[in-house]
Every structure is written in C-alpha cells, then in structure tokens.
Amino acid sequence: MPSKLTGTVALVTGASSGIGAATARRLAEDGASVALVARRKARLDGVAAEIEKAGGTALVVEADITDRTQAEAAVQQAVEHFGRLDTLVNNAGLMLLGPVVGADVDEWERMLAVNVQGLLHTTHAALPHLLKAAETGPRKVADIVNISSIAGRVAWNGYGVYNLTKFGVNGFTESLRQEVTQRHVRVGVLEPGGVDTDLGSHNNPEIQGAMITPFYETTEVLTPDDIADGVAYMVTRPRHASIGELWIMPTDQA
C-alpha cells in the first residue's frame, strides 16, 4: 500500500545529524525520496545507508548552504536526480550563546550565516520547483517547513543574537506563507521548546553549562524523533489543511 508521501521528493538541510537526520528518516518512512544536504559527507553517507537499509531512497548532497552558489547547486542536483521537489525542510542551524558585551562577533556572523542566510538561499532556489510541484505533482501541494525555536517567540538573557535569528525565521515564514499559500505551497514554522541535540555543541562549555544544564536537569527534553514526527505531521496533512505554526514543548520532570 502506498504511503502518504509516495512519489514525492523532500530536501532536508542539516541532514547529517540530530533533527535533520531524524526528519529525513521519518519522511523516507512515509514514502518520500529524500535529498540529504549538509557539509559532513561521511555522516550523510551514514544517514543515507540507514534510509536505504530500511527500504527508502536517499541522495547525498555535500554542500555549505551559507554559500549561495552551493545552496543553489544542491537544490538543482536533487531536482535533476529525482525529477522534482515537493518538500523543503530548512533545518540547518547553529546556536551560540553569550552576552553582547565581550562577544565574539565572528561567532555571530557564523550563526547569522547558517540560521538566516542559508535558509534564504535554499528557499529561493527551491521555490520555483515547489510551485511547479503544487501544480503538477501527485499531491497537488508542496511544503516548506522551517525549523525554528521557541527562542523565536521568547527572549532570554544571553540568547540575544540567537533570538534575533529565530525571530527573523518566524517573521520570514509568515510573510512567505502569505505570498504563496494561494498557490498551494504550504509554509510553516516548527518551534521546539527544548531538544537534546548537538546544536549548541560549539558553545563555550562554561556558557553551555550555565544556561542549558539547569534546563535539562528539570525538564524532560524532546528528542530529534519528536521533532521529526512534528514535521511529518505538517507535511502529510490533507491538501487544504495547512499548519502555519507548530509548537512542540517538553514536559516538566515533576
């Protein structure tokens, strides 16, 4: 029996680990062929092997989406290989925490490049193909899911520039949704409230410990599979059912 996404193609950025890898596996389980995009090819190969072992189809695309030319080439490679593109999941992200005073501005620029510029590059490159899929594809609808954060709604001390990127992602998502929704490209943002991944692994351990560890000690945090389930929920909905914003929140251990 065909699965909900049989015959469709999804492209997932940041697909080498964490939420991206889990999302790619989940969409493949639902029948989509998946283009895995990230910089770490060895890890991408591992995710692709898992998908193919489970009976799915995956394409490894090594690319740095902060480079517009590479982002465009990644989308084009996926379309040329599979013949179409129905779903874009903008997952690639970087979380660098710390105060504004004494901050490493180079770290800010890296985070802005990944969280904002990379998302813009892949969306711009993918949108013509998604619009075509919405007109001629098997489901007559296409999807963009932007993985943001609860930090796109609520600000915390030390999260300033990370907040800036995620507030920007949320605003861009809503604006784009209004632009293309009448053409059956559904655009939504998924905002996790706390996930155990290596997203913040580049942080100074002292900063990471002071800001993140207390949260983990009192909260039953989400897993990448929880977020992947949320993405699948958004893109497998009936054609006329669109989810503009989905929060997924952890629970208090108490």
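A cavity here is a set of points, on a 1 Å grid over the protein atoms alone, where a 1.4 Å probe fits but cannot get out, and its lining residues have an atom within 4 Å of a point. Some notes on this predicted model follow.

1. Ground rules. Residues are numbered from 1 along each chain as its sequence is written, and side-chain values use heavy atoms, with hydrogens and water left out. Since this is a predicted model, local features need pLDDT of at least 70 and side-chain atom pairs count only at pLDDT 80 or more, while totals for chains, interfaces and linings use all residues.

2. The cavities. The structure has two cavities of 30 Å³ or more. The largest holds about 60 Å³ of space, and the second largest has a volume of about 50 Å³. Volume is the space filled by probe spheres set on the grid points, which are joined across faces, edges and corners.

3. Walls of the largest cavity. The lining is made up of Thr13, Ile65, Asn90, Asn91, Ala92, Val114, Asn115, Gly118, Leu119, Thr122, Ile147 and Lys166. H4 gives the most, with five residues; helices are DSSP runs of H or I with at least four residues, strands are runs of E with at least two, and both are numbered from the N terminus. By type, the lining splits into five nonpolar, six polar and one charged. Ala, Val, Leu, Ile, Met, Phe, Trp, Tyr, Cys and Pro count as nonpolar, Asp, Glu, Lys and Arg as charged, and the others, Gly among them, as polar.

4. Asn91. Have a look at this one, which is among the lining residues of the largest cavity. Asn91 sits in the loop between strand S4 (87–90) and helix H4 (105–136). With a relative accessible area of 12%, Asn91 is buried (under 20%; exposed is over 50% and partly exposed in between, with a 1.4 Å probe and protein chains only). Beyond its neighbours within four places in sequence, Asn91 is in contact (heavy atoms within 4.5 Å) with Thr13, Gly14, Ile19, Gly20 and Ile147.

5. The second largest cavity. Its lining consists of Asp143, Ile144, Val145, Arg186, Val187, Gly188, Met234, Ala241, Ser242 and Ile243. Strands S5 (142–147) and S6 (185–192) each supply at least two of these residues. The split is six nonpolar, two polar and two charged.

6. Aromatics. Trp156, Tyr159 and Tyr162 form one aromatic cluster. Both Tyr159 and Tyr162 are buried.

Key: On a 1 Å grid over the protein atoms alone, a cavity is a set of points where a 1.4 Å probe fits but cannot get out, and a pocket is an open set with protein on both sides within 12 Å along at least five of seven lines; lining residues have an atom within 4 Å of a point. Rings of Phe, Tyr and Trp (its six-membered ring) pair if their centres lie within 6.5 Å; planes under 30 degrees apart count as stacked, over 60 as edge-to-face and the rest as tilted.
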